[in-house]
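Please open the model in a viewer and keep the selection tool at hand. The stops below are meant to be followed in order.

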Amino acid sequence: MDETSAVPDEAQVAVEAMARRAVVAARALATATRARKDALLHAMADALVAAAPRILAANAEDLDRGRANGMPDGLLDRLALSEQRIDAIADALRELAGLPDPVGEVVRGSTLPNGLRLRQVRVPMGVVAMIYEARPNVTVDAAGLSLKSGNAVLLRGGSAAASSNAVIVETLAQALTTQGMPADLVQSVDAWGRAGGVALMRARGLVDVLVPRGGADLIQTVVREATVPVIETGVGNCHLYVDGSADLAQALAILLNGKTQRVGVCNALETLLVHRAVAESFVPQALAALTEAGVTVHGDATTLALAPAGTDAVPATEEDWATEYLSPDIAVRVVDDLDAAVEHIRTWSSGHTEAICTTSLVASERFVAEVDSAAVMVNASTRFTDGGQLGLGAEIGISTQKLHARGPMGLAELTTTKWVVHGDGHVRP
């Protein structure tokens, strides 16, 4: 998705005006209590459920357009809504209301020898912007997380979900106004298309932080072109390493959950690495189970030699090791040892989530220490790298950078800090 076309003057002016309104609207949250913000979240959740028929009708338009344009099945799955998914999205807002408010939290504090009392406290960013693709649930997640953390939000949800997002944003804005809060706390620039996205990237001084969430092309375009501060989220070329000491029944369950529970998400498993010592035992049953689940295996020579008859397996290429499939495909490689597994991950990982299955404390500790990704799982599925699953509430994205936020980005990651200093007539000598 290319968001770098020249920005028409009218788009730039319109988006900057929206951003200025967002700045003003955010002030309404500056003194809002947790109870006030939680009431907003509950009102938004109720409004979404009530508007479900309209949202689903709009979503059907998006899905029809996506199929006509040849959208891959994995992206169609991300785009699709149902009554159950809308209920789950609304429930995520209610769960968010149950989480502590990060605003005002004291990060650290002390009293200096001269009597000055110091506190570093969490405060809202101000105006948060998001550019994302084909994910109407992100519209709600971003709005909820932003409001709970005291921020206004500007959204660019992409043409693929344009109909769904228009109804969702309208629904959320109406819920805010019924609660006596400004509708400008949640705004979309989708009416301005790609030009709106570019204008967001360049609204320096109005947008405090921009979070891109989508494919590698979109993320890198935003990182490269934006003049506003960016928190980089990453694609998920996620790995599972089955160690020589692994409980193979446990490893098989983790493999199938990571790969097949939902293929079109960034924490889905994309590469399986198997220690040579257990390859003859594990690879045939793993490939048979993957084939039964409809997954195509892209295997190295050793993997293909161990494949049982009827397995859906093809030779792997160098490109396979680097691929985030977002589809029922997986790359499989047999490695000599833990060192070889770690080296493979260092070479090909996107830095999102890696997992090890092992009963060896030494192996698990080495894997955790030597694998440099945002999340590392020991005897657990990669699918747990998720704000809701980790008790953070809905997430605005999974950061693969190393500054400020890394991993699932919840409420705390949408705040910054300020220093509050209390004195008693103190002057600097």
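Select Leu240 together with Leu272: Leu240 stands opposite Leu272, which belongs to strand E8. This is a predicted model. Now extend the selection to strand E7, residues 238-242, and strand E8, residues 269-275; the two pair in the parallel sense over 5 bridges.

**The sheet of seven strands**

Next, show the whole sheet around this pair. It is an open sheet of 7 strands with parallel pairing, and its order reads E10-E9-E11-E8-E7-E12-E13. At its edges, select strand E10 (313-315) and strand E13 (375-378), each of which pairs on one side only. Looking across the sheet, one finds a twist that averages 20° from one strand to the next.

Two helices that pack on this sheet may be added to the view. Select helix H11, residues 276-292, which packs on the sheet and touches E7, E8, strand E9 (296-299) and strand E11 (329-335). The direction of H11 makes about 145° with that of E8. Then select helix H15, residues 361-370, which also packs on the sheet, where it touches E7, strand E12 (353-357) and E13. Here the direction of the helix makes about 170° with that of E12.

**The sheet of three strands**

Clear the selection and choose strand E1, residues 106-111, together with E2; the two run antiparallel and are joined by 5 bridges. Two of the pairings can be displayed as sticks: Val106 has Val121 of E2 as its bridge partner, and Thr111 has Arg117 of E2. E1 and E2 form a hairpin with 5 residues between them. In the turn, select Gly115, which has a positive phi of about 100°.

Which strands make up the open sheet with antiparallel pairing, and in what order? There are 3 strands, in the order E1-E2-E16. E1 and strand E16 (415-422) stand at the edges with a single partner strand each, so one side of each is left without a neighbour in the sheet. Neighbouring strands of this sheet are turned by 20° against each other on average, direction ignored.

**Arg122**

Remain in this region and select Arg122, which lies in strand E2, residues 117-124. Which residues does Arg122 touch, not counting those up to four places away in sequence? They are Pro102, Val103, Gly104, Glu105, Val107, Ala412, Thr415, Thr416 and Thr417. With side chains shown, the side chain of Arg122 can be seen making a polar contact with the side chain of Thr415, at 3.4 Å. Add Glu413 as well: its C-alpha atom is separated by 10.0 Å from that of Arg122, although the two residues are 291 residues apart along the chain.

**The helices H2, H3, H5 and H6**

Now select helix H2 (residues 34-50) and H5. They pack at an angle of about 175°, with their axes 8 Å apart. That angle makes H2 roughly antiparallel to H5. On the H2 side, the contact is made by Arg34, Asp38, Leu41, His42, Met44, Ala45, Asp46, Leu48 and Val49. On the H5 side, it is made by Ile86, Asp87, Ile89, Ala90, Leu93, Arg94, Leu96 and Ala97. By class, this contact has 11 nonpolar, 1 polar and 5 charged residues.

Keep H5, residues 83-97, and add helix H6, residues 136-148. Their axes come within 10 Å and cross at roughly 15°. H5 is therefore roughly parallel to H6, and H5 passes H6 in a right-handed crossing. To display the contact, select Ile89, Leu93, Leu96 and Ala97 of H5 with Asn137, Val140, Gly144, Leu145 and Lys148 of H6. The contact of H5 with H6 has 6 nonpolar, 2 polar and 1 charged residues.

For the last stop, return to H2 and add helix H3, residues 52-68. The axes of H2 and H3 come within 5 Å and cross at roughly 65°. Select Leu48, Val49 and Ala50 of H2 with Ala52, Pro53 and Ile55 of H3 to show the residues that make the contact. The residues of this contact divide into 6 nonpolar, no polar and no charged.

Note on methods. Residues are numbered from 1 along each chain as its sequence is written. This is a predicted model: local features need pLDDT of at least 70, side-chain atom pairs count only at pLDDT 80 or more; totals for chains, interfaces and linings use all residues. Side-chain values use heavy atoms; hydrogens and water are left out. Axes are lines fitted to C-alpha atoms, for helices over the stretch in contact, and angles run from 0 to 180 degrees between N-to-C directions. Helices (H or I, at least four residues) and strands (E, at least two) are DSSP runs, numbered from the N terminus. Angles under 35 degrees count as roughly parallel, over 145 as roughly antiparallel, 65 to 115 as roughly perpendicular and the rest as oblique. A crossing is left-handed if the near helix is turned anticlockwise from the far one by less than a right angle, and right-handed if clockwise. Contact means heavy atoms within 4.5 Å. Ala, Val, Leu, Ile, Met, Phe, Trp, Tyr, Cys and Pro count as nonpolar, Asp, Glu, Lys and Arg as charged, and the others, Gly among them, as polar. Two strands pair if DSSP finds at least two bridges between them. A polar contact is a pair of N or O atoms within 3.5 Å; within protein, one must be able to donate a hydrogen and the other to accept it, and residues adjacent in sequence count only if both atoms are side-chain atoms.
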